[in-house]
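Subject: The structure we talked about

Dear colleague,

I am handing over the structure for you to look through, and below it I have set out what was found. Please keep the viewer open while you read, and follow the chains one by one.

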Amino acid sequence: MKAKISLILPIISVLVLLLLMPLVLKNYHLNILTEIIIFALYAVSYNLLLGYAGLLSFGHAMFFGLAAFVTGIAIIHLKGIGMITAIFLGVFSAFLAGVVIGSLLLRHKGSYFALLTLAFNALFYAVATKWHSVTGGDDGLNVPRPELNVIFAKIPVETVPQFYYFTLIVLGIVILFVWFFTRTAMGKTVLLMRENEERMKFIGYSTNLSRLILFIFTGTLAGLAGAFYTLHFRFVSISAISVEMTTVVLLMTFVGGTRTFWGPILGVFVYIILQNYLSDITDRWPLFMGLIFVFMVLFIPGGLSGFIMDMKERVAKKREVALEGNQL
Amino acid sequence: MSEFLVFFLHGLAYAGLLFLVSAGLTLVFGMMNVLNFAHAAMYMLGAYFSYTLMLHTQGQLWLSIIVCPIALFIIGALIERFLLRRVHAYGHVSELLLTFGLAYIITELVKWYWGNYPLALNIGGFLGETIQFLGLSYPVYRIFVFACGALVAIILAVILQKTRLGIIIRAAVNDNEMVDALGVNVPLVFMGVFAFGAALSGFAGVIAGPLLSTYPGMANDILVDAFVVIVVGGFGSLAGAVIASLIIGELQSFGALLFPKLSIALVYLLMVVVLILKPSGLFGEEQ
Amino acid sequence: MTAYLEIRDVHKDFSGLQVLTGINLAIREGERHALIGPNGAGKTTLFNIISGKYRPSSGSIIFRGQEIAGKPPHVINRIGMARSFQITNVFHELTVFENVMAGVRSRAGLRYNFFRRPEANSYLVQKVEDILKNVGLLDVKDIPASALSYGQQRALELGIALSTEPEIILLDEPTAGMTREETEQAIKLIDRVTKGRTLIIIEHDMDVVFSLADIISVLHYGTIIASDVPEKIRTDQRVKDAYLGEG
């Protein structure tokens, strides 16, 4: 019971804090916070692959970008489309892509998986670039934000705080569900994949099916983040589906730490804040990010969250030692 | 007819480049089970080093061909010895992440030092001319690029088939444990092959510069094609790399002629078909 | 009595190298069957084929009336077979509890469920704890498998094999690397936990084999040269020549 309170308390306080943010922050910062929430879902879904299953994907942006484009194109071409339908179409396209590509990659893991996901991402990018008439290519598409009608009520999402609340509530619930997912049967099965793919086969698990389900699930989640990305910026271009969009989520996730659920969220926060401030000071910001990344691969493979957990453990041990000393 | 011949020759030239890049990639992958994302960055460094060298020596391509691969051999050896070997114990994900991070840093450094725009090089002398045959005039340089690829392929085949080193490398590709049994200094062989792969890739960069121009995106462009080559050819197979480079070089070239809209997708389409029909690649062994 | 697990003329070769050259074996329900033979005789390869890790080059394996040769391991496991490994093969960074829970929930069909938490199911938790108690690991259930002693890891290996409630269980050298004393403990444990199940065991320790097995089969150069009750095996001339005579 005590363990449950210590888990739920921080979550609730963070949620309350986030709900109060529009009272404190100006629109500029609220926009950044909205972006952080969108990328938090993107990174959390990516970490299910990298941290939980031990699968390094270089193709996460194909789901993110595909859904971003489908949502945007649906809004532009389907007159009077509602926001929920637009999001649904985007997410559904990512789901379908997950089914098709996941089936093709079924037998591959490790380095093969990394290579093939990169190749598929490159394919999506190439198609998006060439198909200029639909995707707008480098120029991108301007996407108006459609109306949000829930049953018969029209919910306003035009202003920055309104869209912030919309994003926070929808994606916040989804992120909480993903957290819950990591504790469910399938979530635990994902860990078995990382720990010992060979052994799990002999206790009744199909590793191919496990990998396929996870790939579809994470792709669909990335798609949801992509749909919100288009709605948030009211714009989508081929950069949303580029390999860079995958490497960004890899950097965020790894820097934040893959060993904990909240690590990637921390990584997104740090990355976007740093990007916003450092990119004003220096053009060489990606270079510094790269150096930090390689430094972490070499010396702090657990990322920021791993580092924090280690420190916490050390402090706890010291306290224990101190207590024992007192008793003596 | 002559148009077809021109595109066929174009395809050969690109195939030559692709082979030079994928040969090292597939050998390192086969031996060390490391997919080296920084491999194409070596190619890009080769091109940029050569650009600067040629700028200062009034276009001495021959000098670049000698100097740049040596420089990249050293860089490759250092990367293997001091970085890759260190993360080996953390598992293959860390190795991939490291090479990816290095590629990222090298690209950013290149943008910083040389700028984020294409640099063109003109080749003087005989290589810069065109030759007349079968009623068409064709640039000598493209033929030269293909010849380089073909020459390296032949040399590699001879080394792998006829020398003791080649036997060790082939054994390592098939079964890592077998090499231990042969009583070889495995870390040294790994470092050598990794550095040699980097040098080959750098050599490809040197000769690619005048053909495709030198720009910061060139690494990613060829990396994806080289990945497709090793998927199609079969992981770790040099013969596969030769055939797949030729197929993809020609597919790119004729794709641009016959289906300009679809040309990029054709290469991936080939990859998907191979993945469905023979997941281990044309020359790959089943598991 | 009809055979429960029947292996018919199973061959296996690895790129030309013949490892198994026509294995025929019939195992009855509830039997305790030991496989012995010199190193390289093909014992582990036979296990790998029965449990689905490898596909036989030819031949057929019938288990509970179904052809299982060439079926993937997870399908064979669900029909009611489990195995352990010669080299400890557990989920290292998961706790002892989670290691066993993986099999228990698999058996209960909770493999890919997105909504149910196995730890919230008191019936499953009870089952896991029963198994852990049985193999003597209940006290260490919350520590990671990697932190266990060697003997404990071997016990966990057995616990994982038991976790899917198999009708037939294949143990590959469960006492490998153990001291005399540990081996005796392990054999008592195996004897107890495999009651009511069919057991096939690969073992080098002859004392263990002769005390535990109902039937002993001797594998030599990829073929079975004798298969009989322990007393007969002890006096079999071919076996003496091939195997026992050496020791």
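A good place to begin is a single pair of side chains, those of Glu98(C) and Lys188(A), which meet in a salt bridge with a distance of 3.3 Å from N to O. Please bear in mind that this is a predicted model, and read every value below in that light.

That pair sits within the contact of chains C and A, where the count is three salt bridges, and where 21 residue pairs are found in polar contact, both residues being at pLDDT 80 or more. On the side of chain C that touches chain A, the helices α2 (73–79), α3 (96–107) and α5 (150–163) of chain C each supply at least two residues, and α3(C) gives the most, with five residues. Sorted by class, this side of chain C has 13 nonpolar, eleven polar and eleven charged residues.

How many residues does each chain bring to this contact? Chain C gives 35 residues and chain A gives 27 residues, and together the two chains bury about 2,700 Å², with 63% of that area on carbon and sulfur atoms. Of the area that chain C buries against chain A, 28% is supplied by Phe91(C), Tyr112(C) and Phe114(C), which is more than any other three residues supply.

Chain A also touches chain B, in a contact that takes 36 residues from chain A and 41 residues from chain B. The area buried between chain A and chain B is about 3,600 Å², and carbon and sulfur atoms give 81% of it. Across this interface the rule finds zero salt bridges, and the count of residue pairs in polar contact, both at pLDDT 80 or more, is zero as well. The elements that give two or more residues to the side of chain A that touches chain B are α5 (110–130), α11 (243–256) and α13 (285–299) of chain A, and α5(A) gives the most, with 13 residues. By class, this side of chain A has 26 nonpolar, six polar and four charged residues.

Which chains share the most contacts? Of the two pairs of chains in contact, the answer is chains A and C, whereas no contact joins chain B and chain C, whose closest C-alpha atoms lie 11 Å apart.

Two further features belong to chain A itself. In one of them, helix α3 (residues 60–77) and helix α4 (residues 83–105) of chain A pack at an angle of about 145 degrees, with their axes 8 Å apart, and the crossing of α3(A) and α4(A) is right-handed. Among the residues that make this contact are Phe63(A), Leu66(A) and Val70(A) of α3(A), together with Ile87(A), Gly90(A) and Ala94(A) of α4(A). The residues of the contact divide into 14 nonpolar, four polar and no charged.

The other feature is a salt bridge, one of 19 found in a search of the whole structure over all chains, in which the side chains of Arg234(A) and Glu158(A) meet at 3.1 Å from N to O. Arg234(A) lies in the loop between α10 (207–233) and β4 (235–236) of chain A, and Glu158(A) lies in the loop between β3 (153–155) and α7 (160–181) of chain A, so the pair ties together parts that are 76 residues apart in sequence.

With best wishes

Technical notes
Residues are numbered from 1 along each chain as its sequence is written. Chains are lettered from A and ligands numbered from 1 in the order in which they are written. This is a predicted model: local features need pLDDT of at least 70, side-chain atom pairs count only at pLDDT 80 or more; totals for chains, interfaces and linings use all residues. Side-chain values use heavy atoms; hydrogens and water are left out. Contact means heavy atoms within 4.5 Å. Buried area is the accessible area (1.4 Å probe) that two parts lose on being put together, summed over both. A salt bridge is a side-chain nitrogen of Lys or Arg within 4 Å of a carboxyl oxygen of Asp or Glu. A polar contact is a pair of N or O atoms within 3.5 Å; within protein, one must be able to donate a hydrogen and the other to accept it, and residues adjacent in sequence count only if both atoms are side-chain atoms. Helices (H or I, at least four residues) and strands (E, at least two) are DSSP runs, numbered from the N terminus. Ala, Val, Leu, Ile, Met, Phe, Trp, Tyr, Cys and Pro count as nonpolar, Asp, Glu, Lys and Arg as charged, and the others, Gly among them, as polar. Axes are lines fitted to C-alpha atoms, for helices over the stretch in contact, and angles run from 0 to 180 degrees between N-to-C directions. A crossing is left-handed if the near helix is turned anticlockwise from the far one by less than a right angle, and right-handed if clockwise.
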